[in-house]
Amino acid sequence: MNETILLENLQKKKMVAALKEPKYIEKVVKYKHNLGAALLMTGTILTVKRYVDFLQKNGLPVILHVERIGGLEMDKDGIDFVKKYVKPTAIVSTNQGIIKRAKKAGLFVVQRVFLIDTDVYLHLVQDPRNIQADIIELMPSRAPDFIEKLSKISPVPIITGGLLSLPEHAKSAFDHGAAAVSTSNPEMWKLDLNQL
């Protein structure tokens with residue numbers, strides 16, 4: 001699967017299932033009709049390819065959280081390993097160095113940004129042309145005014161996650177400009193967010 005499929009999926013199904021434990025992989029597949037992608041945040045260099053292959057064979061684009069995969073170092077060799085062997089649809093990272101190297105290598109990149117204070121937000125919006133990722137994921141999801149401000153100036157789609165546990169949290173995010181939401185809450189995966 002490629003990034004075009006990911007973007008199309010996120011337009012149709014506005015929820016990304018964040019997988020923090022392998023035991024939830026089957027459940028994600030069970031609710032794939034509600035999900036635009038799976039955000040894989042578990043595994044090691046020994047298991048990650050199997051997880052990615054399984055999810056993608058079941059029709060879910062995989063966004064691989066490279067900082068959460070045991071034994072994976074995202075230097076040049078690590079990036080080559082992810083691109084040529086693991087083959088996720090996209091990666092996610094908070095690290096600017098990883099984002100730059102991954103983009104240079106031709107990977108589709110989601111930049112995860114934690115809004116811990118106003119300075120983080122101001123640095124992000126200072127010059128939107130400096131955004132190097134293909135998608136931005138703002139954390140936490142319950143900062144609607146910042147989601148709205150950023151979505152108005154960002155050259156790339158905004159997804160949001162963190163502290164998202166109720167349908168009304170997702171609706172608020174959409175109402176304020178988020179293209180999609182991510183959640184690790186299996187109860188949310190059961191919902192069709194297009195009905196909000």
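A salt bridge is counted here where a side-chain nitrogen of Lys or Arg lies within 4 Å of a carboxyl oxygen of Asp or Glu. In this predicted model, E21 and K23 satisfy that rule, because their side chains meet with an N to O distance of 3.7 Å.

**Salt bridges**

The count under this rule is eight. Three of the pairs, among them E21 and K23, are listed below with their distances.

| Pair | N to O distance |
|---|---|
| E21 and K23 | 3.7 Å |
| D53 and K49 | 3.2 Å |
| K190 and E187 | 3.1 Å |

The accessibility of several partners can be stated as well. K23 has a relative accessibility of 59% and therefore counts as exposed, the cut-off for that class being over 50%. E21, at 36%, counts as partly exposed. K190 also falls in the partly exposed class, at 38% relative accessibility.

The pair D53 and K49 belongs to a helix: both residues lie in α3 (residues 48-57), where four residues, or about one turn of the helix, separate them. D53 has a relative accessibility of 24% and counts as partly exposed.

**The barrel**

Eight strands close into a barrel, following the order β1-β2-β3-β4-β5-β6-β7-β8, with parallel pairing. On average, neighbouring strands of this sheet are turned by 25° against each other, direction ignored.

One of the pairings is that of strand β5 (residues 109-114) with strand β6 (residues 135-139); the two run parallel and are joined by five bridges. Within this pairing, V110 stands opposite I135 of β6. In general, strands of a sheet pair through backbone hydrogen bonds, in either a parallel or an antiparallel manner.

Conventions. Residues are numbered from 1 along each chain as its sequence is written. This is a predicted model: local features need pLDDT of at least 70, side-chain atom pairs count only at pLDDT 80 or more; totals for chains, interfaces and linings use all residues. Side-chain values use heavy atoms; hydrogens and water are left out. Two strands pair if DSSP finds at least two bridges between them. Axes are lines fitted to C-alpha atoms, for helices over the stretch in contact, and angles run from 0 to 180 degrees between N-to-C directions. Buried means under 20% relative accessible area, exposed over 50%, partly exposed in between (1.4 Å probe, protein chains only).
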